[in-house]
Amino acid sequence: MFPPQSAVPLKPIPGSYGLPFFGAIKDRLDYFYNQGKDEFFSSRVEKYQSTVFKTNMPPGPFIAQNPKVIAVLDAISFPILFDTSKIEKFNVLDGTYLPSLSFTGGYRVCAYLDPSEPNHTSLKSFFMSVLASKHKDFVPLFRTCLSQMFIDIEDEMGSKRTANFNDSSDAMSFNFVFRLFCEKDPSETKLGSEGPAIVDKWVGLQLAPLATIGFPKFLKHFEDLLMHTFPIPFFLVKSDYKKLYDAFYASSSSVLDKAESFGIDRDEACHNLVFVAGFNAYGGMKAWFPTLIKWVGKAGEKLHRQLANEIRTVVKEEGGVTFQALEKMTLTKSVVFEALRIEPGVPFQYGKAKEDIVINSHDAAYEIKKGEMIFGYQPFATKDPKIFYHPEEFVGHRFVGEGENLLKYVYWSNGRETEDPTVGNKQCPGKDLVVLLSRLLVVELFLRYDTFTVETAVLPFGSSVTLTSLIKATST
């Protein structure tokens, strides 16, 4: 039985899955090559006059057994994906397929678990406890890592007149994550300076079925066959993953001791730690920090002056960069939230209906049957024109003052910005840490520099950012 109807009219879900097998292939080619992600969704919204519709999502045959989804693309329907009383999150991290568990030591790590599974409670409680115990290290450690990053960037600009932000950011991010969990520099382990490259390869192979690598169009069918048709084997990264695992196992004794106090085996805990540190934390920072710098850079000199003035004034008043100082920087906070809104680091969310349910969009209600997969494309939901004015524009002050009321429509963390992660939901346990580090990056940038300019390009995940000018601070 479906729940009672809502105030908006109940409509059948529009859209089509096409012919078996061939419909999924057609949608995959449209998604990756013929249209691209945004046009793939926007054209269907226009065709069906609905932000809720049926479609197939990549990778499809032969990697995913069932590519059929119901897409939810507005700010009202999207949050059904956060309701774990109605939505099952079993093995849906990457959508309609699950990479080989060999990539995670044979374990279904926490990210693959539904909150109803006992192991989810143990693992998420463990990681939330670890983060709480490291709270005092967040600001000083990240500022230390940022200092080295800016030195590297200035050195590169001095020799080349431009600097690749991504490379310096990746090195900084891995260094921070490893030092946070292992309390030593990765260069002191067998990883040396290889950490970022190893994690990039390990994560990249798992996510390859969701990406393109930019082959010329006449080779699209070759790339499609190579990346989207058959599962990527683990052996390609087996030795690299062992080196990564061994480095964490040897260097994180105190964290693994804590895991045992939660009843988690050390080997399982370490594979989960590698996933959280490598896939979630470093992988997230790798995509997110260049995105943040891209949007702040493109916002222009006027916003830069406003940020520099706020940041330097508050730091001077508070006597340093502290948690209290960061909370007083209202424009800085808003700028970070606006970047998270306009280009969330993880654009996709999936979940299966646990029961027959009714979901609402702005103007209709739709019945979804038990077992059907729901897919949310977050950049459309967080650029919903019925919620946000000028949704496609980066508006730095959007969340200042009364604008804070819109934070409940910022969904980057797999939950509302106004809600907190718990063991009973799938919201990112590092949600507050990501916001904190993002603010710190902006703060440290404008303590050092008055303004900067960027050139950007699209990557399979995120953006590449080249700093083309960097003007040192003329006041403090």
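**Charged pairs, buried residues and two sheets**

I will start with E392, which, at a relative accessibility of 55%, counts as exposed (buried means under 20% relative accessible area, exposed over 50%, and partly exposed in between, with a 1.4 Å probe and protein chains only). What we are looking at is a predicted model, in which local features need pLDDT of at least 70 and side-chain atom pairs count only at pLDDT 80 or more, while totals for chains, interfaces and linings use all residues. Residues are numbered from 1 along each chain as its sequence is written, and side-chain values use heavy atoms, with hydrogens and water left out.

Let me stay with E392, whose side chain meets that of K383 in a salt bridge, at 3.7 Å from N to O (a side-chain nitrogen of Lys or Arg within 4 Å of a carboxyl oxygen of Asp or Glu). The partner, K383, counts as buried at 15% relative accessibility, whereas E392 is exposed. The structure holds 31 salt bridges, and another of them joins the side chains of K431 and D432 at 3.3 Å, N to O. There K431 is buried, with a relative accessible area of 2%, and D432 is partly exposed, at 49%.

Which residues are linked in a network of salt bridges? They are K26, D27, D30 and R44. Within that group, D30 bridges to K26 with the closest N and O atoms 2.9 Å apart, and because these two residues are 4 apart in helix α1, residues 22-34, about one helical turn separates them. For the element names, helices (H or I, at least four residues) and strands (E, at least two) are DSSP runs, numbered from the N terminus. D30 is itself buried, at a relative accessible area of 10%.

How far from E223 is the nearest side chain of opposite charge? That side chain is R28, 9.6 Å away, and E223 is buried yet has no salt bridge (Lys and Arg count as positive, Asp and Glu as negative, and His and the chain ends are not counted). E223 lies in helix α7, residues 220-228, and a polar atom of the E223 side chain lies 2.9 Å from the backbone nitrogen of I213. Leaving aside neighbours within four places in sequence, E223 is in contact with Y33, T212, I213, G214, F215 and H228, where contact means heavy atoms within 4.5 Å.

R28 and H228 both come up again with P61, which sits in the loop between β1 (52-56) and β2 (68-72). P61 counts as buried at 9% relative accessibility, and, not counting residues up to four places away in sequence, touches F21, A24, I25, R28, H228 and T229. P61 and R28 are 33 residues apart in sequence, and their C-alpha atoms are 9.5 Å apart in space.

A further buried loop residue is S252, between α8 (238-251) and α9 (253-261), with a relative accessibility of 1%. The S252 side chain reaches the backbone oxygen of F248 at 2.5 Å, and, beyond four places in sequence, S252 is in contact with F181, C182 and L273.

Now to the sheets, where two strands pair if DSSP finds at least two bridges between them. One is an open sheet of 5 strands in the order β1-β2-β8-β5-β3, with mixed pairing. The edge strands are β1 and β3 (87-88), each pairing on one side only. Inside this sheet, β5 (residues 348-353) and β8 (residues 373-377) run antiparallel and are joined by 5 bridges, with Y350 standing opposite F375 in β8. Helix α2, residues 37-48, lies across β1, β5 and β8, running at about 130 degrees to β1 (axes are lines fitted to C-alpha atoms, for helices over the stretch in contact, and angles run from 0 to 180 degrees between N-to-C directions).

The other open sheet has 3 strands in the order β4-β10-β9, paired antiparallel. Its edge strands are β4 (163-164) and β9 (449-458), each of which pairs on one side only. β4 pairs with β10, residues 463-472, over 2 bridges, and A163 stands opposite L467 in β10. Helix α15, residues 431-448, lies across β9 and β10, at about 125 degrees to β9.

I will finish with β6 (residues 357-360) and β7 (residues 365-368), antiparallel strands joined by 4 bridges. A hairpin connects β6 to β7 through 4 residues, and the bridge partner of I359 in β7 is Y366.

Terms used
Polar contact = N/O pair within 3.5 Å; in protein donor to acceptor, adjacent residues only side chain to side chain.
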